[in-house]
Amino acid sequence: MDFEYTEDQERFRQELREWLRENLPDGWQAGERPGTDDPEESVEFLLDWQRTLHEGGWAGLHWPEEYGGADASLLEQVIYSQETARVDAPARINAVGIDFVGPTLMELGTDEQKERFLPKILSGEELWCQGYSEPDAGSDLASLSLSADRNGDEFLLNGQKVWTSYAHVADWCFLLTRTDESGPKHHGITVFLVDMDQEEIQTEPIHQITDETDFNEVFFDDAVAREEHIVGEIDEGWEVAMTLSAFEHSMSDVFSIDQRWRSLVEFCEEHERDGKPLAEHTHVRRELARLHTRIQAGKLTHYRNVSKQMETGVPGPEGSMDKVFNNQTEKKLENFARRLLGANNALWTDGPDDGQWVTDLLMPYGKMIAGGTKDVQRNIIAERVLGLPKDD
């Protein structure tokens with residue numbers, strides 16, 4: 001990979017920086033992250049940001065132009081990740097729809113599904129959640145049991161999902177179901193696009209350690225899924241699920257982790273211990289250097305995966321390497337920050353930076369599970385990257 005960006009790519013970066021300067025929410029450009037304790041106001045804030053991205057042409061940067069995207073190259077997508085991490089831009093509430101469901105439908109959906117769903121995913125008009133984990137089939141996804149039984153041209157859904165992000169506000173769900181129990185567990189799985197606006201679907205929020213309630217339990221009691229909304233073939237949904245997972249694992253947190261490291265350096269420069277700034281203590285400088293080295297290694301791993309994807313045109317299983325390494329790096333960074341904060345760890349909104357450090361300390365616990373635990377990722381690396389025998 002050539003580490004020098006071309007003039008066109010640098011022009012793209014400057015255009016994005018200018019747009020961010022003009023369009024980031026109030027206070028964001030100054031490094032503040034004004035928030036709200038009201039969950040509904042928080043969702044509205046993120047929806048506004050989603051609409052702003054769409055109106056600016058940045059919502060579907062990686063989507064082909066024929067579907068309303070910008071057809072950006074992989075390197076332009078890397079630049080986008082770098083720049084939005086640099087300014088710590090707000091989260092994209094419809095990331096499941098735009099980054100995972102949309103690309104999967106482009107790959108495997110019918111023409112009718114593409115026409116019906118893609119425009120409203122891109123605009124944020126319809127929000128999506130991902131119905132994967134179940135109480136007895138968390139990381140072992142193929143052990144799912146939520147049933148889909150044929151009833152004429154429809155299917156009746158019964159069972160439960162859990163840890164479903166934004167299910168309480170989602171309009172549609174990319175749902176894995178069990179349609180046949182007679183064969184191997186990877187067979188008999190079918191993927192449906194399910195309308196969440198049904199009385200037969202109930203969501204119960206899960207109160208998270210960060211005092212947020214974005215995760216949910218979702219209960220299906222004779223909910224209806226339509227045959228025309230099956231993605232791929234009946235009973236052959238495992239390959240569809242793996243296609244979506246490849247798109248999911250191709251994302252990388254390394255640039256946002258790098259930004260967190262820079263914020264930690266500033267914290268160490270601005271706060272004192274024993275009469276001098278933390279940044280002047282030898283053990284602090286040593287640990288900051290170790291973290292910086294590790295983050296640079298994470299970037300190189302990501303760039304290597306991007307290079308391979310540029311050759312093949314599709315994300316590969318190597319994205320699991322990114323996820324495992326970055327999860328560990330983020331945990332190390334936040335653990336070090338926790339030691340530096342000392343008694344301030346006990347504070348919430350009254351803590352440094354309005355409690356943002358304490359919130360960020362707790363976030364990695366959920367991120368280490370989301371999208372598959374480290375054991376799941378290591379199995380993918382062993383079997384699909386290194387070619388080792390399958391795990392029993």
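**Notebook: L146, helix 5 and the core**

I looked up L146 first: its relative accessibility is 1%, so it counts as buried (buried means under 20% relative accessible area, with a 1.4 Å probe and protein chains only). I'm working on a predicted model, where local features need pLDDT of at least 70, side-chain atom pairs count only at pLDDT 80 or more, and totals for chains, interfaces and linings use all residues. Residues are numbered from 1 along each chain as its sequence is written, and side-chain values use heavy atoms, with hydrogens and water left out.

Where does L146 sit? I found L146 in the loop between strand 1 (128-131) and strand 2 (147-151) (strands are DSSP runs of E, at least two residues; helices are runs of H or I, at least four; both are numbered from the N terminus). Beyond its neighbours within four places in sequence, L146 contacts residues including E134, L157 and F220 (contact means heavy atoms within 4.5 Å).

Next I checked helix 5 (111-123). Helix 5 bends by about 30° at F117, and P119, a proline, follows within four residues (the bend is the angle between axes fitted to the seven residues ending there and the seven starting there). Among its buried residues I noted F117, L118 and I121. The buried residues of helix 5 pack against elements including helix 2, helix 4 and strand 1.

Last, the largest nonpolar core (buried Ala, Val, Leu, Ile, Met, Phe, Trp, Tyr and Cys residues joined through side-chain atoms within 4.5 Å). It has 44 residues, and I121, W128, F174 and L176 touch the most other members. Helix 4 gives this core its largest share, six residues.

Notes. Buried means under 20% relative accessible area, exposed over 50%, partly exposed in between (1.4 Å probe, protein chains only).
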